[in-house]
Amino acid sequence: MSKSKAVLVRTMTRKDVCRHDILSDLRKKHKGLRRLGSGAFADVYGTKSGRTVFKIGATGNPIYDAYLSYVKQIVKHQGNPFFPRVKKVDIYYDREDHESVYVVEMERLKPLDTYGRSNKLPIASRLLFNALMDIDSESDLNTLHENMKLFTTVFARGVKKQLVQTFRQMTEILQDLTDSHGLDMHDGNVMLRGKTQLVITDPVC
Ligand SMILES: Nc1ncnc2c1ncn2[C@@H]1O[C@H](COP(=O)(O)OP(=O)(O)O)[C@@H](O)[C@H]1O
Ligand SMILES: [Mg+2]
């Protein structure tokens with residue numbers, strides 16, 4: 001897997017940690033930010049150029065936050081195409097209130113339904129997508145992991161080794177995360193890079 005530039009992860013203390021103020025600071029720096037989507041825990045804003053997004057979320061102690069645990073793993077494995085390419089992570093921490101806000105700057109991805117959901121994806125991506133959508137427990141993840149091993153043995157010559165290795169690395173990281181967090185696999189948390197590459201944006205809660 002290719003090595004890439006280290007991602008800047010900064011933890012800063014701030015007197016008053018307020019998501020609204022952090023967003024308005026960001027808006028001053030990046031004119032024309034537009035909200036692209038929201039989930040239960042965060043909002044995602046896109047820049048005018050259309051290449052970058054900022055995901056802003058509030059959490060209690062960031063050490064226990066599921067999404068930040070995922071981000072800390074993916075910044076170490078930026079060569080893996082299943083992970084979003086992250087440019088910068090800022091965590092604003094208010095030690096007294098145990099309130100914190102994070103801003104993750106990353107590549108802009110496309111929703112899966114850009115191409116009529118998964119039915120227009122190439123077969124390999126579609127199979128992977130269906131397998132991912134079937135996961136709702138750690139044992140499903142173990143099964144997928146085992147199947148992937150089997151897949152490698154049976155089809156090793158026919159499939160790209162890189163795909164198998166990176167997919168396996170991704171499932172291993174998800175497996176590790178399930179020690180402390182729940183899985184949250186649904187089609188809003190899987191996006192596309194280009195026309196075929198599935199990217200797991202937000203798999204745990
Ligand atoms: N990298 C991205 N590029 C474009 N849109 C994104 C990106 N990441 C997330 N989104 C959009 O924002 C929504 C919420 O983001 P998500 O990471 O799932 O946050 P939450 O933790 O709130 O569920 C997603 O459903 C998606 O539409
Ligand atoms: Mg989500």
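# Reading a predicted model: ligand shell, sheets and domains

User: How many residues of each class does the shell around ligand 1 have?

Analyst: Twelve nonpolar, six polar and three charged residues make up the shell around ligand 1. The class follows from the residue name: Ala, Val, Leu, Ile, Met, Phe, Trp, Tyr, Cys and Pro count as nonpolar, Asp, Glu, Lys and Arg as charged, and the others, Gly among them, as polar. This is a predicted model, in which local features need pLDDT of at least 70 and side-chain atom pairs count only at pLDDT 80 or more, while totals for chains, interfaces and linings use all residues. Residues are numbered from 1 along each chain as its sequence is written, while chains are lettered from A and ligands numbered from 1 in the order in which they are written.

User: Which residues come nearest to ligand 1, and what makes a residue near?

Analyst: A residue is near a molecule or strand if its C-beta atom, placed from the backbone, lies within 6 Å of it. There are 21 residues around ligand 1, and those that come nearest are Gly37, Gly39, Ala42, Val44 and Asp202. Two or more shell residues come from each of strand 2 (34-38), strand 3 (42-46) and strand 4 (52-59). Strand 2 supplies the largest share, namely three residues.

User: What makes a run of residues a strand or a helix, and how many of each does the chain have?

Analyst: Both are DSSP runs, numbered from the N terminus: helices are H or I over at least four residues, and strands are E over at least two. The chain comes to five helices and nine strands. Along the sequence they follow the pattern β-α-β-β-β-α-β-β-β-α-α-α-β-β.

User: Why is the chain called as compact as a globular protein of its length?

Analyst: The radius of gyration is taken over C-alpha atoms, and the globule rule is 2.2 Å times the number of residues to the power 0.38. For 205 residues the rule gives 17 Å, and the chain has 18 Å, which is close to that value; the chain is therefore as compact as a globular protein of that length. Along the principal axes, the C-alpha atoms fill a box of roughly 55 × 35 × 30 Å.

User: How do you know that strand 5 and strand 6 pair?

Analyst: Two strands pair if DSSP finds at least two bridges between them. Strand 5 (residues 86-94) and strand 6 (residues 99-107) have eight bridges, in the antiparallel sense, and therefore they meet the definition. One bridge is that of Val89, whose partner in strand 6 is Val104.

User: Why are strand 1 and strand 2 called edge strands?

Analyst: The open sheet has six strands in the order 1-5-6-4-3-2, with mixed pairing. Strand 1 (8-13) and strand 2 each pair on one side only, and that makes them edge strands. From one strand to the next, the twist averages 20°.

User: What joins strand 2, strand 3 and strand 4?

Analyst: Strand 2 and strand 3 run antiparallel and share four bridges, and a hairpin of three residues connects them. Strand 3 and strand 4, also antiparallel, share five bridges, with Asp43 opposite Ile56. Five residues lie between the strands of this second hairpin, where Gly50 takes a positive phi near 85°.

User: Which strands stand at the edges of the sheet with the order 7-8-9?

Analyst: This open sheet has three strands with antiparallel pairing. Strand 7 and strand 9 stand at its edges, each with a single partner strand, so one side of each is left without a neighbour in the sheet. Strand 7 (residues 110-111) meets strand 8 (residues 190-193) over two bridges, and four bridges join strand 8 to strand 9 (residues 197-200). In the hairpin of strand 8 and strand 9, Gly194 has a positive phi of about 65°.

User: How many residues does each domain give to the contact between domain 1 and domain 2?

Analyst: Domain bounds come from an automatic or database domain assignment, and here it gives domain 1 (8-108) and domain 2 (111-200). Their C-alpha centres lie 24 Å apart. Eleven residues of domain 1 and 13 residues of domain 2 take part, where contact requires C-beta atoms, placed from the backbone, within 7 Å. The side of domain 1 that touches domain 2 has six nonpolar, five polar and no charged residues. Each domain also gives at least three residues to the shell around ligand 1.

Technical notes. Axes are lines fitted to C-alpha atoms, for helices over the stretch in contact, and angles run from 0 to 180 degrees between N-to-C directions. Two residues are in contact if their C-beta atoms, placed from the backbone, lie within 7 Å.
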